2 protein chains.
Amino acid sequence: MEIKFSERAKQVSNTATREILKVTEKPEIISFAGGLPAPELFPVEEIKAACEAVLNESGEQALQYSTTEGYLPLRQAIADRMEAIGIETTTDNLLVITGSQQGLDLTGKLFLDEGDTVICESPTYLAAINAFKTYNPNFVEVPMDEEGMIMEELEQTLQASPAAKFIYTIPDFQNPTGRTMNLERRKKMVELANRYNMIIVEDNPYGAVRFAGEALPPVKHFDTEGRVVYLSTFSKIFAPGLRLGWICANKALLEKYVAFKQAADLHTDTFAQRITAKYIELFDMEAHIQKIKAVYLSRREKMMECIKSFFPKEIRHSAPEGGLFIWIELPEQIDSQDLFDECLKNNVAFVPGKPFFPNSARNNTFRLNYSNMPEDRIVKGMKP
Amino acid sequence: MEIKFSERAKQVSNTATREILKVTEKPEIISFAGGLPAPELFPVEEIKAACEAVLNESGEQALQYSTTEGYLPLRQAIADRMEAIGIETTTDNLLVITGSQQGLDLTGKLFLDEGDTVICESPTYLAAINAFKTYNPNFVEVPMDEEGMIMEELEQTLQASPAAKFIYTIPDFQNPTGRTMNLERRKKMVELANRYNMIIVEDNPYGAVRFAGEALPPVKHFDTEGRVVYLSTFSKIFAPGLRLGWICANKALLEKYVAFKQAADLHTDTFAQRITAKYIELFDMEAHIQKIKAVYLSRREKMMECIKSFFPKEIRHSAPEGGLFIWIELPEQIDSQDLFDECLKNNVAFVPGKPFFPNSARNNTFRLNYSNMPEDRIVKGMKP
């Protein structure tokens with residue numbers, strides 16, 4: 001049987017990364033590969049209480065179909081969170097989505113025809129690359145340094161690609177590098193977007209998990225023309241299994257997102273939305289986030305110590321003040337895939353850098369995750 | 001600001017139907033419009049027990065990221081359900097999705113390039129039309145009678161459109177007509193698909209809710225070449241708010257579905273999957289479905305009585321043996337939109353037929369839902 005796939009389906013394949021992550025799920029592996037939160041911090045008892053309250057108070061509504069936009073009290077709680085970080089918004093500008101990953105897919109749908117250009121950081125989040133790739137765009141990678149995307153490089157890219165559809169950025173504790181864009185560049189990015197009529201897609205899953213240094217306002221804080229689409233999620237501060245994210249965007253954009261969301265899965269899990277809203281009502285989410293930060297700080301400290309003690313001096317690494325990842329740069333001639341193969345023989349895993357580059361990869365790089373392993377296993381896995 | 005949308009986004013709009021459904025959510029409205037299950041039948045207490053058991057036994061796993069394919073014990077329970085209706089399958093051929101609506105979107109992604117042809121029943125499910133429309137196909141509608149899609153018409157369509165990508169069918173208690181495809185036609189459809197190298201997408205959300213007559217094997221039961229993609233859901237037999245559906249397909253197809261699912265939302269809500277698996281383990285889902293059937297049968301009986309007593313004799317209607325909907329055909333010259341406007345003045349709503357036809361609508365039709373209204377309100381709403 002010859003199957004008549006779409007052009008996009010002919011190009012999709014089970015990624016090498018997916019295979020890597022499958023290998024690393026084995027319990028004997030010390031994995032610095034995935035981007036998983038520490039499950040021992042999940043507020044299981046509190047969620048049990050929230051489930052019971054929701055089912056007692058509104059069982060019928062909690063299990064029924066609901067509106068595409070999302071549960072209003074949850075959207076209000078999200079609006080409050082947004083205001084606290086410097087984004088003035090109302091529930092009318094918020095759409096609850098099935099994890100912020102869905103925001104990436106919907107963004108591709110909204111903006112990308114085949115051959116369109118996406119401007120992104122180099123490297124960038126691999127599952128964003130995969131989501132956008134569904135719509136067959138070209139990627140233009142803008143170089144970064146430790147302060148985030150370099151604005152002179154971005155401006156040259158905008159001049160060279162004026163028809164590009166959007167700039168995709170993860171300004172806080174970027175995946176995979178852990179780097180944070182500095183304040184001046186945030187302002188500059190909006191200024192450039194205004195000048196070149198560009199949409200900015202600000203993906204911010206990690207911003208709430210800052211455990212050191214000063215918080216910076218999100219890029220959307222500087223948005224005067226409604227051209228920043230802001231994506232975030234409860235996955236890193238509450239429970240990723242519930243698949244709850246959100247989009248904050250101006251009305252002309254949000255209406256299209258709502259229409260595509262409805263076609264994609266009607267609406268986000270009603271029960272998960274109500275559990276989360278109830279948790280926020282009954283418990284102290286900020287106190288819970290403080291606990292997460294304290295643990296991730298210790299784990300990052302431990303991993304940085306190990307890098308300093310055990311890694312050769314010529315290796316470069318990022319020094320994240322939050323989030324889940326450290327980025328390693330090896331000398332040019334070393335391929336991190338070879339290193340991966342070696343480490344796996346010793347039951348240690350990470351993600352080689354290649355899949356984070358949409359075009360030509362810098363193979364001497366890799367990503368380390370510290371949030372998902374206790375300190376003793378970090379030491380055991382990092383030690384030569 | 002001029003936004004550079006994709007071509008598909010320029011065409012999408014908030015559908016008239018969505019606006020209708022919003023109006024009908026007001027509590028004073030007697031609504032025969034939506035396709036909502038009866039919420040008073042949701043097993044709220046049992047779900048509470050399932051939540052507690054899941055969080056006690058495996059809280060950390062239930063709230064964590066999980067595999068794209070879905071929770072294995074749930075896939076096993078689905079495989080058992082499939083076997084009971086005559087589809088031999090294993091968990092390897094099953095993917096858990098965010099409601100069967102997501103299966104429609106992923107099907108569009110998998111098969112449809114711009115201008116491709118989808119063959120469907122006339123009329124057909126409006127949210128399937130919307131999901132496929134995202135990928136800008138053409139629709140060819142095949143006429144139905146009370147026994148489902150007419151096979152002679154299908155064969156002519158296949159001859160005229162040999163490059164069509166797939167046949168979309170809802171064989172059991174079709175949405176919107178409530179009609180069921182007879183046994184001979186099911187066999188014939190597979191035979192034609194084999195001869196014309198066509199994929200069949202069998203959408204079967206209602207098959208488990210048969211309250212009269214003899215169950216028929218699904219179209220996929222007759223599939224010898226792995227060309228039937230079967231979609232179903234827990235929404236009509238358990239709780240739609242949890243957004244749990246599944247795809248059963250051969251491996252070459254399922255791998256692509258998995259890759260696109262991962263790009264779309266990583267995986268389906270872990271907690272919802274485990275709650276449902278636990279419910280199936282602890283309680284008797286079949287007994288629960290029997291309760292649903294008994295209530296829907298009474299409501300359909302009541303609505304049929306009302307049609308006989310109150311509607312003019314020249315009106316034609318379907319007589320479903322299951323599912324949620326009755327289809328009404330008015331004399332040619334009457335536009336059901338006018339009737340809708342009249343009824344809404346009296347706080348009664350339904351869905352005019354137009355959005356169920358992807359091309360040229362038969363405006364003298366409309367859809368009635370009986371599952372979501374108690375009998376006294378059915379009588380009140382149907383009475384002149």
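The exercises below concern the two domains of chain A and one arginine of that chain, in a model that is predicted.

**Exercise 1.** Describe how domain 1 and domain 2 of chain A are laid out and how they meet.

*Solution.* Begin with the bounds: the domain assignment gives domain 1 as 7–43 + 286–382 and domain 2 as 46–282. Taken over C-alpha atoms, the centres of these two domains of chain A are separated by 23 Å. Turning to the contact itself, 35 residues of domain 1 touch 36 residues of domain 2, and the area buried between them is about 3100 Å², with carbon and sulfur atoms giving 61%. Of the area that domain 1 buries against domain 2, A:Pro43, A:Glu321 and A:Pro358 supply 22%, more than any other three residues.

**Exercise 2.** Find the polar links between the two domains of chain A, and state which elements of domain 1 face domain 2.

*Solution.* Across the interface the rule finds 3 salt bridges, and the count of residue pairs in polar contact is 14. On the side of domain 1 that touches domain 2, the elements giving two or more residues are helix H1 (7–11), helix H11 (285–310) and strand E11 (325–329) of chain A. The largest share of that side, 8 residues, comes from H11(A).

**Exercise 3.** Decide whether A:Arg227 is buried or exposed, and place A:Arg227 in its surroundings.

*Solution.* A:Arg227 lies in the loop between strand E7 (199–203) and strand E8 (228–233) of chain A. Because its relative accessible area is 3% and the cut-off for buried is under 20%, A:Arg227 counts as buried. Leaving aside residues up to four places away in sequence, its contacts include A:Asn194, A:Met198 and, from the other chain, B:Met1.

Key. Residues are numbered from 1 along each chain as its sequence is written. Chains are lettered from A and ligands numbered from 1 in the order in which they are written. This is a predicted model: local features need pLDDT of at least 70, side-chain atom pairs count only at pLDDT 80 or more; totals for chains, interfaces and linings use all residues. Side-chain values use heavy atoms; hydrogens and water are left out. Helices (H or I, at least four residues) and strands (E, at least two) are DSSP runs, numbered from the N terminus. Buried means under 20% relative accessible area, exposed over 50%, partly exposed in between (1.4 Å probe, protein chains only). Contact means heavy atoms within 4.5 Å. Domain bounds come from an automatic or database domain assignment. Buried area is the accessible area (1.4 Å probe) that two parts lose on being put together, summed over both. A salt bridge is a side-chain nitrogen of Lys or Arg within 4 Å of a carboxyl oxygen of Asp or Glu. A polar contact is a pair of N or O atoms within 3.5 Å; within protein, one must be able to donate a hydrogen and the other to accept it, and residues adjacent in sequence count only if both atoms are side-chain atoms.
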